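Got your viewer open? Here is a short tour that tells you what to select next and what you'll find there.

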Amino acid sequence: MIAAPVHHVRPPARVQVVASEFRLTLSRGAVRAGTAIVELVNMGEDTHDLKVRRAGGGPTTSWRIVRPGEHVDRRLTLRPGRYVLWCSLPGHRALGMQAVLVVRR
């Protein structure tokens, strides 16, 4: 009997983004390139959303508005680089609701 080659599939990286008034806190500051699950958790008293865009340009990925206590996740494919995350509700970003995620090779 000949054994078939084993291909190890790397699980997706995970990042939790906690939104509260008025900041975003990441569970980690860096992940490896490839598939990632980014979870937005609203631990604040106001509604919040999330936008993510690779620094230097590219498409913006959006999460819906979440109410206090809610969470929602998205599966993304991330290329190496720096990604800017922010809440796009009026005035929230200016009050400090932004963060940076580094994606390594």
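First, some vocabulary: strands are DSSP runs of E with at least two residues, numbered from the N terminus, and two strands pair if DSSP finds at least two bridges between them. What you are looking at is a predicted model, where local features need pLDDT of at least 70 and side-chain atom pairs count only at pLDDT 80 or more, while totals for chains, interfaces and linings use all residues. Residues are numbered from 1 along each chain as its sequence is written, and side-chain values use heavy atoms, with hydrogens and water left out.

**Stop 1: the four-stranded sheet**

Select residues 13-20, which make up strand β1. Now add β2, at 23-26. These two run antiparallel and are joined by four bridges. Click on Ser20: its bridge partner in β2 is Arg23.

Zoom out a little, and you'll see that β1 and β2 belong to an open sheet of four strands with mixed pairing, in the order β2-β1-β4-β7. Why is one side of β2 and of β7 (71-78) left without a neighbour in the sheet? Both stand at the edges, so each has a single partner strand. Ignoring direction, neighbouring strands here are turned by 25 degrees against each other on average. (For such angles, axes are lines fitted to C-alpha atoms, and angles between N-to-C directions run from 0 to 180 degrees.)

**Stop 2: the five-stranded sheet**

Next up is another open sheet with mixed pairing, this one with five strands in the order β3-β9-β8-β5-β6. Colour β3 (30-32) and β6 (60-66): they are the edge strands, and each pairs on one side only. From one strand to the next, the twist averages 20 degrees.

Now select β8 (residues 81-86) together with β5 (residues 48-54); four bridges join this antiparallel pair. Which residues of β8 partner Lys51 and Val52? Lys51 is bridged to Trp86, and Val52 to Leu85.

Swap β5 for β9 (residues 98-104), and you get another antiparallel pairing with β8, over six bridges. Look for Arg82, whose bridge partner in β9 is Val102.

**Stop 3: charges over rings**

Stay with Trp86 and show its side chain. Arg93 lies over its face, 4.5 Å from the ring centre. A charge counts as sitting over a ring if NZ of Lys or CZ of Arg is within 6 Å of the ring centre and within 35 degrees of the ring normal. For another example, select Trp63: the charged end of Arg74 sits over its ring, at 5.7 Å from the centre.
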